[in-house]
Amino acid sequence: QPESSEAPQRVWASKGITGLLENVGGRRVEEQVQHNTVLLNVYDVSDSDVIQRVNRIFTADDNVLAGGVFHAGVEVYGKEWCYGATVPGRSGVGAVKPRLHPQHRYRATVHMGNTEKSPEEVNRILVCMASEWPGSEYDLIHHNCLTFCNVLLGELGLRRIPGWVDRAARAASQVDNVVKAVRSISADEVSSQAEETLQTLRRDSLAALEAAKGG
């Protein structure tokens, strides 16, 4: 995101596959923003041209939102809250000016609904989350800015982030869990299971031979 004190103009994200129909004529429906409206600001991860090209391909230039590699923050009562890695002993929760995260390039905004929480209640929620989300526990796959957004949105009484925003992260998480499960099986366990299988085959073979003799 280029350094600037002025936020880029808000761009409303299309809604999943139906975005192709919504964007006919190059115009998207403007969402109603009230004082208690909660917004999800979505960014291309980093300023990398490669990431931006990948995201443009997977979103068909924002017309059909299928997935991509994204950062996101929750905007509520004038501040955008997000989570990231820090040195040990510090919270990973922080606030930036909406649509102006310094490490990522703003792409689009999703209207998440209106919260019934007051500004004071939201502040209390975030103070609590700040202590529960240390930056040292940040994990690119399992404990990241998108998982933080989902938890915060739940605290605000709203739905989870759209599937297209964290589809790549969820797929990576599933693959990583399978790899970890496979790696957790030790060589001794494999040998033990193989020995049990061989013993079972021997017993079954002997039983079959005895049955044949008896016949």
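## The S2-S3 hairpin

In this predicted model, strands S2 and S3 form a hairpin in which two residues separate the strands. One turn residue, Tyr77, has a positive phi of about 50°. Strand S2 comprises residues 70-76 and pairs with S3 in the antiparallel sense, over three bridges. Within this pairing, Val74 has Trp81 of S3 as its bridge partner.

Strand S3 spans residues 79-83, and four of its five residues are buried, so the strand is largely enclosed by the rest of the structure. One residue of S3 that recurs below is Tyr83, which lies in this strand and counts as buried at 3% relative accessibility.

## From S3 to S4

Strand S3 also pairs with strand S4 (residues 93-96), again in the antiparallel sense, here over four bridges. Cys82 has Gly94 of S4 as its bridge partner, and Trp81 stands opposite Ala95 in S4. Trp81 is thus placed between two neighbours, because it is the bridge partner of Val74 and also stands opposite Ala95, while S3 is a strand with four of its five residues buried.

The loop between S3 and S4 contains Pro88. In contrast to the buried Tyr83, Pro88 is exposed, with a relative accessible area of 68%. The C-alpha atom of Pro88 is separated by 8.6 Å from that of Glu137, a residue 49 positions away along the chain.

## The five-stranded sheet

The hairpin and S4 belong to an open sheet of five strands, with the order S4-S3-S2-S1-S5 and antiparallel pairing. At the edges are S4 and strand S5 (105-114), each of which pairs on one side only. From one strand to the next, the twist averages 30°.

Helix H4 packs on this sheet and touches strand S1 (37-44) as well as S2, S3, S4 and S5. The direction of H4 makes about 25° with that of S2.

## Aromatic pairs

Six aromatic pairs are counted in the model. The rings of Phe70 and Trp164 have centres 5.4 Å apart and planes at 90°; the pair is therefore edge-to-face, a class that requires an angle over 60 degrees. Phe70 belongs to strand S2 and Trp164 to helix H5 (residues 163-183), so this pair ties together parts that are 94 residues apart in sequence. Both partners are enclosed: Phe70 is buried, with a relative accessible area of 5%, and Trp164 is buried, also with a relative accessible area of 5%.

A tilted pair is formed by Tyr83 and Tyr138, with 5.7 Å from centre to centre and 40° between the planes. Tyr83 is in strand S3, whereas Tyr138 is in the loop between helix H3 (119-132) and helix H4 (145-155), so the pair ties together parts that are 55 residues apart in sequence. The partners differ in burial: Tyr83 counts as buried at 3% relative accessibility, while Tyr138 is partly exposed at 27%. Tyr83 and Tyr138 also belong to one aromatic cluster together with Trp133 and Phe148.

## Surroundings of Met129

Helix H3 contains Met129, which counts as buried at 3% relative accessibility. Leaving aside residues up to four places away in sequence, Met129 touches Val93, Phe148, Val151, Leu152 and Glu155. Phe148, one of these contacts, is also a member of the aromatic cluster that includes Tyr83. The C-alpha atoms of Met129 and Phe148 are separated by 9.1 Å, and the two residues are 19 apart along the chain.

## The chain as a whole

The secondary structure of the protein chain amounts to six helices and five strands. Starting at the N terminus, the elements follow the order α-β-α-β-β-β-β-α-α-α-α.

The protein chain has 215 residues, of which 35% count as buried. Its exposed surface is about 12800 Å², with 55% supplied by carbon and sulfur atoms. Of the contacts between residues at least 6 apart in sequence, 73% join residues at least 24 apart. Two pairs described above also link parts distant in sequence, with 94 residues of separation for Phe70 and Trp164 and 55 for Tyr83 and Tyr138.

Technical notes
Residues are numbered from 1 along each chain as its sequence is written. This is a predicted model: local features need pLDDT of at least 70, side-chain atom pairs count only at pLDDT 80 or more; totals for chains, interfaces and linings use all residues. Side-chain values use heavy atoms; hydrogens and water are left out. Buried means under 20% relative accessible area, exposed over 50%, partly exposed in between (1.4 Å probe, protein chains only). Two strands pair if DSSP finds at least two bridges between them. Contact means heavy atoms within 4.5 Å. Accessible areas come from the Shrake-Rupley method with a 1.4 Å probe; for residues, only the protein chains shown count as cover. Rings of Phe, Tyr and Trp (its six-membered ring) pair if their centres lie within 6.5 Å; planes under 30 degrees apart count as stacked, over 60 as edge-to-face and the rest as tilted. Axes are lines fitted to C-alpha atoms, for helices over the stretch in contact, and angles run from 0 to 180 degrees between N-to-C directions.
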